Amino acid sequence: MPELKYAIVDIETTGGFASGNHIIEICIIVTDGENELDRFDSLIFPGVYVPRFITGFTGITQDMVDQAPPFKSVAKRIYEILHDCVFVAHSVNFDYSFVKKELEKEGYEIPTKKLCTVRLSRKIVPGYKSYSLGNICAALNIPLLNRHRAFGDAEATYLLFKELLKRDSENCTKDFLKRNSKEHYLPPHIPKENISNLPPSPGVYYFHDARGKYIYIGKAKNLKQRVSSHFSNNKTNKQKQDFIREIHAISFVECATETMALLLESVEIKQHWAKFNRSQKRYEAKYGIYSYYDQKGFLRLGIEKKRKVQKAIVEATSLFELKRQLEEAVIEFKLCRKLLGLQLGACAVESNCAVCEAKTTALKHNNRLNKSIKKLSQTEALVYKEAIPLSDKYFVAIAKDGLLCMGVTDNSKTPKNIKLPIEDSAFKTYSLNSFVSHNLRKLTDETWA
């Protein structure tokens, strides 16, 4: 079996993601793990202006790259170096995505075997607070000169890689290169054990940033498979690259069923407003029905944009839904449409509105309106619900306006076609707010007792 060769690669670019940016400098050092076998180092003309912040960060100016060759003219040389080597870099997916994109434009394909020296460092020399190139080199007394230049960072990564191979008593490097390892797909800051230790059960998973803040929340029928699927490709767009770069930890909550996981995911996204969750944010309630008294003592209702400091009687994403509920209240409780904000002038004569015809008092009107308010807000009171069975053991109780609670039967009933006010039932239940704070740990009779 031929001896492995490793190509240590570092690049500088016009931005942080490959699909919209270009290489401005590249350095490749080829090694057998002990000796340097080849080296290529060049500035690259990107065909676009170098942003000022990149010049400030790297020291590479527009004048410098204007004199450099375009990638097209060095693509063959770069391919000849890389094609029979393992691609090695610090946070390898970043460098690999740029080099792969540029080579493919010129008709070249590079090998898929990759090694990330961030992940390798975490495995071979664990226990350090930070594994950035600067910090891990300082910790291991590796010189790092010409920081944020490709030739300087590549040299430091080369020395780091040699040091890691010396310390690799458990053959971690060999394990990382196995076909089924998938180490090179994972975010640089996540130990593989975080993925392999996930259970194959339904639940909700959470990706955290370096400070522990939620950046993504998702649900899964199989937690292990779903989380792994996030890292099964190497897309070059900004969102994917930022996503991979920011993940520092994974946590999860097991659920009894996939349906419960779906409902918990929805609640948690709206509770924590995770950065990379897009789909459910637009469904947040924007409007609410609010009550107030006018100068004559009549209780009125009005639809307004959702307020931060006052709780609405009922909330919805659309004005139409709230108007529909008010129209139903007018008919059921014989209310004045004007006092519910449904029209500006007095009610029509044929409507026989007692308020507009001065045939009722504020007290009588307010009593009827308070009854309608109670019904509008009945989801808060946990009444008139139907238990929907998920199995013979688990159920979800749903009201007209959405999720209210989840629970486990007391084993004396099965939740089939049971109409119930929740408080009169034989079920253990949680209101929506309690359900969130409880975190819906693995459901058993004991945890819900």
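**Ring pairs, core and two polar side chains**

Ring pairs link Tyr-205, Phe-207 and Tyr-216 into a cluster. The model is predicted.

Me: How many aromatic pairs does a search of the whole structure find?
Reply: Nine.

Me: Take Tyr-79 and Tyr-108. Why is that pair stacked?
Reply: The ring centres are 5.0 Å apart and the planes of Tyr-79 and Tyr-108 sit at 25 degrees. Planes under 30 degrees apart count as stacked, so this pair qualifies.

Me: Which parts does the pair tie together?
Reply: Tyr-79 is in helix H3, residues 71-82. Tyr-108 is in the loop between helix H4 (92-105) and strand E5 (114-116). So the pair ties together parts 29 residues apart in sequence.

Me: Is Tyr-79 buried or exposed?
Reply: Partly exposed, at 25% relative accessibility. Tyr-108 is partly exposed too, with a relative accessible area of 23%.

Me: What lies over the face of Tyr-96?
Reply: Lys-114, at 4.3 Å from the ring centre. Arg-307 lies over the face of Tyr-290, at 4.3 Å from the ring centre.

Me: Switching to the core. How many residues has the largest nonpolar one?
Reply: It has 54 residues. Ile-26, Ile-28, Ile-78, Leu-82, Phe-87 and Val-99 have the most contacts inside it.

Me: Which helix gives the most to this core?
Reply: Helix H7, residues 150-167, with seven residues.

Me: And what is Leu-82 in contact with?
Reply: Leaving aside neighbours within four places in sequence, the contacts of Leu-82 include Ala-7, Val-9, Ile-28, Phe-87 and Val-99. Leu-103, Ile-110 and Pro-111 are also among them.

Me: Now His-90. Where is it?
Reply: In the loop between strand E4 (86-89) and H4.

Me: Buried or exposed, that His-90?
Reply: Buried, at 13% relative accessibility. The cut-off for buried is under 20%, so His-90 meets it.

Me: Which backbone atoms lie by its side chain?
Reply: The backbone oxygen of Tyr-131 lies 2.8 Å from a polar atom of the His-90 side chain. The backbone nitrogen of Leu-133 lies 3.3 Å from a polar atom of that side chain. Beyond four places in sequence, His-90 also touches residues including Asp-95, Thr-117, Ile-136 and Leu-160.

Me: Last one, Arg-300. Which strand is it found in?
Reply: Strand E10, residues 299-305.

Me: What does its side chain join in a polar contact?
Reply: The side chain of Asp-294, at 2.9 Å. Not counting residues up to four places away in sequence, Arg-300 touches Asp-294 along with Tyr-290, Ser-291, Tyr-292, Lys-338, Leu-339 and Leu-369.

Key
Residues are numbered from 1 along each chain as its sequence is written. This is a predicted model: local features need pLDDT of at least 70, side-chain atom pairs count only at pLDDT 80 or more; totals for chains, interfaces and linings use all residues. Side-chain values use heavy atoms; hydrogens and water are left out. Helices (H or I, at least four residues) and strands (E, at least two) are DSSP runs, numbered from the N terminus. A polar contact is a pair of N or O atoms within 3.5 Å; within protein, one must be able to donate a hydrogen and the other to accept it, and residues adjacent in sequence count only if both atoms are side-chain atoms. Contact means heavy atoms within 4.5 Å. Rings of Phe, Tyr and Trp (its six-membered ring) pair if their centres lie within 6.5 Å; planes under 30 degrees apart count as stacked, over 60 as edge-to-face and the rest as tilted. Buried means under 20% relative accessible area, exposed over 50%, partly exposed in between (1.4 Å probe, protein chains only). A charge sits over a ring if NZ of Lys or CZ of Arg is within 6 Å of the ring centre and within 35 degrees of the ring normal. A nonpolar core is a set of buried Ala, Val, Leu, Ile, Met, Phe, Trp, Tyr and Cys residues joined through side-chain atoms within 4.5 Å.
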